[in-house]
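Biologist: Could you walk me through one part of this model in close-up? I'd like to hear about the core and then the strands that pair up late in the chain.

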Amino acid sequence: MWRETTKHERNKKLFEEEIAEFLPARILDFHVHILNAGVIPGGSTFSCAGHPIDQYELKDLEQDLAELYPGRETAAVCFGFPEVAYDRDSNNAYLAGACDHWRFFPFRLFDPMEDTTERLRKELMEGRFLGIKPYPDYVRKADINAVEIPEMLPERAMEVVNELGLIVMLHIPRKGRLADELNQRQLVELCTKYPNAKIVMAHVGRAYFLKNAVGHLDKLRELTNLYVDLAMLNHWEVLEYLFLHFLHNRIVYGTDIPIGLAPGKSVEINDQYTYVTPVPWALSISDDHRKLVFTSFLYEELRAIKKAVARLGLPRSFVEDIFWNNGMALLHKAAPK
Ligand SMILES: [Zn+2]
């Protein structure tokens with residue numbers, strides 16, 4: 001079993017010794033991918049940090065949430081897997097039907113090449129989606145690093161999102177990530193032109209190493225409709241910087257489950273980052289010599305959050321807010337009135 005939860009004795013020990021006391025009673029994960037059976041073309045699989053899966057449904061999530069956070073009340077924001085070759089319609093329809101809007105909240109995958117404005121509006125309303133999930137790959141450029149935010153989120157789509165007051169779960173493009181000047185400019189334009197939309201920068205704008213965050217988060221803090229999620233952030237220095245320089249009520253916990261369940265850690269090396277995993281993965285350096293015993297990215301993230309909170313002496317209310325209240329308030333703002 002590759003999923004690193006308290007089902008493994010060593011994780012149970014880690015949870016009890018390092019995490020249990022820190023973790024609040026209620027946990028909302030704002031960044032979860034769900035993949036119903038049949039979405040991936042027959043015979044192929046998705047690599048969860050080196051572990052192939054062909055589905056990850058809500059029942060799997062329910063089981064993992066119970067085993068990750070024993071005794072806690074849990075909830076999640078759920079969207080599909082943004083892969084061009086996958087069956088996006090089936091993935092969206094599954095989430096619209098399966099999410100109860102009480103514990104599980106659906107976002108809709110958005111494809112700028114194939115979604116017409118009419119269809120987007122109709123499905124967002126009928127499926128009671130609270131947000132959209134665009135992705136650089138949907139722009140279908142030969143060079144993925146050449147994709148720009150307005151290509152992922154064309155005006156016609158943003159007008160619908162703005163009108164309905166929905167959330168955008170944004171994986172920012174380009175090699176420079178959060179530090180990229182064009183990204184910075186286009187984020188300001190996006191947030192100011194569509195003030196009724198709520199923009200969540202996934203993975204703190206993908207700033208997984210400190211230099212990418214320093215001096216770049218600060219400029220964005222005045223945007224009142226810009227949020228960040230913490231998914232896959234394993235780096236306490238980045239988190240400490242974020243907690244010092246960004247508005248606290250616009251930070252939400254997220255994990256990138258099911259990827260976050262896999263064994264591994266993201267590490268900074270010489271102003272860059274990589275993942276280290278026990279098994280080979282396209283995005284990682286792997287432990288070919290079997291030197292290490294790993295826990296999940298998710299527990300590494302919790303360790304890093306805990307360390308940053310402790311170093312800054314942040315109050316209990318801060319922890320309860322990022323793990324639940326901030327995200328729930330954001331979902332409430334996006335819910336149809
Ligand atoms: Zn993700």
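Modeller: Sure, starting with the whole chain: its secondary structure comes to twelve helices and 13 strands. The radius of gyration is 19 Å, close to the 20 Å that the globule rule gives for 337 residues, so the chain is as compact as a globular protein of that length. Keep in mind that this is a predicted model. Along its principal axes the C-alpha trace spans about 50 × 45 × 40 Å, and buried residues make up 47% of the 337. Of the contacts with a separation of 6 or more, 77% are between residues 24 or more positions apart.

Now the core. The largest nonpolar one has 96 residues, and Val168 and Val200 have the most contacts inside it. Helix α11, residues 297–312, gives the most to this core, with eight residues. Leaving out residues up to four places away in sequence, Val200 touches Ile167, Val168, Met169 and Leu170, along with Tyr227, Val228, Asp229 and Val252. As a rule, nonpolar side chains in soluble globular proteins tend to be buried together.

On to the strands you asked about. Strand β11 (residues 265–269) runs antiparallel to β12 (residues 272–277), and five bridges join them. They form a hairpin with two residues between the strands, and Asn270 in that turn has a positive phi of about 50°. Across this pair, Lys265 stands opposite Val276 of β12. With β13 (residues 284–286), β12 runs parallel, joined by three bridges. There, Val276 stands opposite Ile285 of β13. So to picture β12, put Val276 across from Lys265 and also across from Ile285.

Terms used
Residues numbered from 1 in each chain as written. Predicted model: local features only at pLDDT ≥ 70, side-chain atom pairs only at ≥ 80, totals over all residues. Core = buried A, V, L, I, M, F, W, Y, C linked by C-beta atoms within 7 Å. Buried ≥ 20, exposed ≤ 12 C-beta atoms within 10 Å, placed from the backbone. Helix = DSSP H or I, 4+ residues; strand = E, 2+ residues; numbered from the N terminus. Contact = placed C-beta atoms within 7 Å. Pairing = 2+ DSSP bridges. Rg over C-alpha atoms; globule rule 2.2 N^0.38 Å.
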